[in-house]
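Thanks for coming, everyone. Let me put the model up, and then I'll walk through a few places in it.

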Protein chains: 2
Amino acid sequence: MPPSPSKPVRIAVTGAAGNIGYALLFRLASGALLGPDQPLILHLLEIPQALPALSGVAMELTDCAFPLLRDLKLSDQASQAFDGVDYAFLVGSRPRTQGMERKDLLRVNAEIFKAQGRALNERASRQVRILVVGNPANTNALIASRNAPDLAEHQFSSMMRLDHNRTLSLLSERSRIPVADIHRVTVWGNHSSTQFPDIEQALIADRPALEQIDSTWYHDTLIPTVQQRGAAIIKARGASSAASAASAALDHMRDWIVGTPKGTWTSMGIAANGDYGVEPGIFFGYPVECQGGGHQIVQGLALSEFARAKIALTDRELREERDGVLDLLPSSSRG
Amino acid sequence: MPPSPSKPVRIAVTGAAGNIGYALLFRLASGALLGPDQPLILHLLEIPQALPALSGVAMELTDCAFPLLRDLKLSDQASQAFDGVDYAFLVGSRPRTQGMERKDLLRVNAEIFKAQGRALNERASRQVRILVVGNPANTNALIASRNAPDLAEHQFSSMMRLDHNRTLSLLSERSRIPVADIHRVTVWGNHSSTQFPDIEQALIADRPALEQIDSTWYHDTLIPTVQQRGAAIIKARGASSAASAASAALDHMRDWIVGTPKGTWTSMGIAANGDYGVEPGIFFGYPVECQGGGHQIVQGLALSEFARAKIALTDRELREERDGVLDLLPSSSRG
């Protein structure tokens, strides 16, 4: 349910002085998430070294004279930053630096998200909705969730929406049909190069996508293009996706709050429960319908053998990621 | 008047791969200027060296799957970029580099805005509204306008809104009254350190600001803080104001299109006609009311001696700027 406009909602953003944070904050403060009547307070978390830059970002936010922005809280302590928050965008994560193995990256981020999970568990609103954007997002969400036993698993999610939007826009470009008329796309699995952008259920202008899009282009162009899009952006722009990631984060959270339109769905990373043969517990990109403030996996889709194989591949990667951080995953004590 | 939603409007942004451009484009494409029903086409202009980066920005815009964004045109030619545009945000300008005199900066930008004025004159919609953000914004607007004799002077404007918003937010912080309840602030003159943030007419919660704000703080803190805010942001953030400038540009253009609320006004740089003793012809920050798609200077304000002296100072600077580019200003052939 959208919150009541009478009192400000509290929105946390971590990595708030980074490029995605910078692209996200001004849209949040302008009302892009909750509309023009909902005042808000932004809670900004950064690492100590980035606090001076964060103060500059805060000055700019203030300089916008946004009528909805009632207050700004800046901190380098998760427990302060998450105090009473209704929504949390966990954007900050350690990027991979030269010579760092994927495994090392996983570990260093695991420690961050363990601490943030604990802080959310202690301090956030009991109805908090959490979106993990910082990579490796799925496993970071798993770690945060498992370290927050007093919150429900379904309050945590990880971002597949940028991949989802990229799939929509590529289909739109190919078919010359506006994105608003393309539905039922799913990006399954991990937000990594094993992700599976699935158009087998998709409708373009109410007709099956695969009747309009040849399968060679789908397999040999669409899927690898979406999987490798992040690298292509870095190459062209000289910097990684920031504004598009921020926009996808807003889309994800907005759909979660106000619901997905009837007859379509979105892609969200949520805790798997075994549906579609996915390992229970891991955070997995699924086709998801949102209604009444909740989300549920779309049931009963008939998957092709091709799709099953792709899903198995990204499932395997996520199980391996989980196995690399098992010691940071308290066994779930939830009911 | 807001445009009709039936056909896409065309919005040009120059310097589109720069930091202000990057902060502006995604808000434009999301509907922040003209609302959720108005489709749009973005026309992006960059210098040839920045075209690769611009293509990366375009990829990210596409990746957002914005339902309103119907097309993107990328060019390094002003005549292409301005073809048929309804709105133009002239953001790009040459920044001051080490060892460059203010006079040199003026000249190098003058050439850019002369060419852009000519291109707008030839190619833009006859109803185009133009906002100059790139510095020195006032004099750049003067040059562009004078090189576009077939467009009306009132179709050109320069940005004072960031200074205006900064003044509002500082007053809000000082008085602890929300920005939405503060009205009738003006930033007069040049968007430079001679600008005059004027709160002598301002109302805070319907009462005169100067009954609530002591004049020492107004003179010794508010005015210099607004005048020097850009430098303070650079110092804190390590980069110049980008998202706040983009936000102000949206505010400026939105008020121009939909009108300022009754009983209040905004600050816009527009061609002076002698009102309040300002040199006719120069682009000067004035208190401006917008209605029916037009703008007019608020008349009849009683200015203090203090205000008159401040206005004279910034007026003098703008006359000097104009005198430095006189050879690029065809004498106006307008009626």
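Start just past H2(B): B:Ala65 follows this helix with a positive phi, near 50 degrees. Helices here are DSSP runs of H or I with at least four residues, strands are E runs of at least two, and both are numbered from the N terminus. Before going on, the ground rules. This is a predicted model: local features need pLDDT of at least 70, side-chain atom pairs count only at pLDDT 80 or more, and totals for chains, interfaces and linings use all residues. Residues count from 1 along each chain as its sequence is written, chains are lettered from A and ligands numbered from 1 in the order written, and side-chain values use heavy atoms, without hydrogens or water.

Back to H2 of chain B, residues 51–63. At 1.5 Å a residue, its 13 residues should span 18 Å (1.5 Å times one less than the number of residues). The end C-alpha atoms are 18 Å apart, which agrees. Which residues of H2(B) are buried? They are B:Leu54, B:Gly56, B:Val57, B:Ala58, B:Met59, B:Glu60, B:Leu61 and B:Asp63. Buried means under 20% relative accessible area, exposed over 50%, partly exposed in between, with a 1.4 Å probe and protein chains only. The cover comes from both chains. It includes H6, H8 and H9 of chain A, together with H1, S2 and S3 of chain B.

B:Leu61 leads us to the core. The largest nonpolar core has 155 residues. Such a core is a set of buried Ala, Val, Leu, Ile, Met, Phe, Trp, Tyr and Cys residues joined through side-chain atoms within 4.5 Å. Leu42, Leu61 and Phe89, in chain A and in chain B, touch the most other members. Take B:Leu42. Beyond four places in sequence, its contacts (heavy atoms within 4.5 Å) include B:Ile11, B:Leu25, B:Leu28 and B:Leu61.

Now the two copies. Chain B lies on chain A with an RMSD of 0.0 Å, after a turn of 180 degrees and a shift of 0.0 Å along the axis. That is a least-squares fit on C-alpha atoms of residues with pLDDT of at least 70 in both. The copies are thus related as by a two-fold rotation axis. The same surface serves both: 100% of the contact residues of chain B recur in chain A.

Next, H5(B), residues 137–146. Here 10 of 10 residues are buried. They pack against H4, S5, S6, S13 and H10 of chain B.

Over to chain A. A:Thr264 sits in the loop between H9 and S12. At 7% relative accessibility, it counts as buried. Its side chain makes a polar contact with the side chain of A:His183, at 3.3 Å. Polar contacts are N or O pairs within 3.5 Å; within protein, one atom must be able to donate a hydrogen and the other to accept it, and residues adjacent in sequence count only if both atoms are side-chain atoms. The backbone nitrogen of A:Arg184 lies 3.4 Å from a polar atom of the A:Thr264 side chain.

Last, aromatics. The whole structure has 14 aromatic pairs over all chains. One is A:Trp188 with A:Tyr276, edge-to-face, 5.1 Å centre to centre and 75 degrees between planes. Rings of Phe, Tyr and Trp (its six-membered ring) pair if centres lie within 6.5 Å; planes under 30 degrees apart are stacked, over 60 edge-to-face, the rest tilted.
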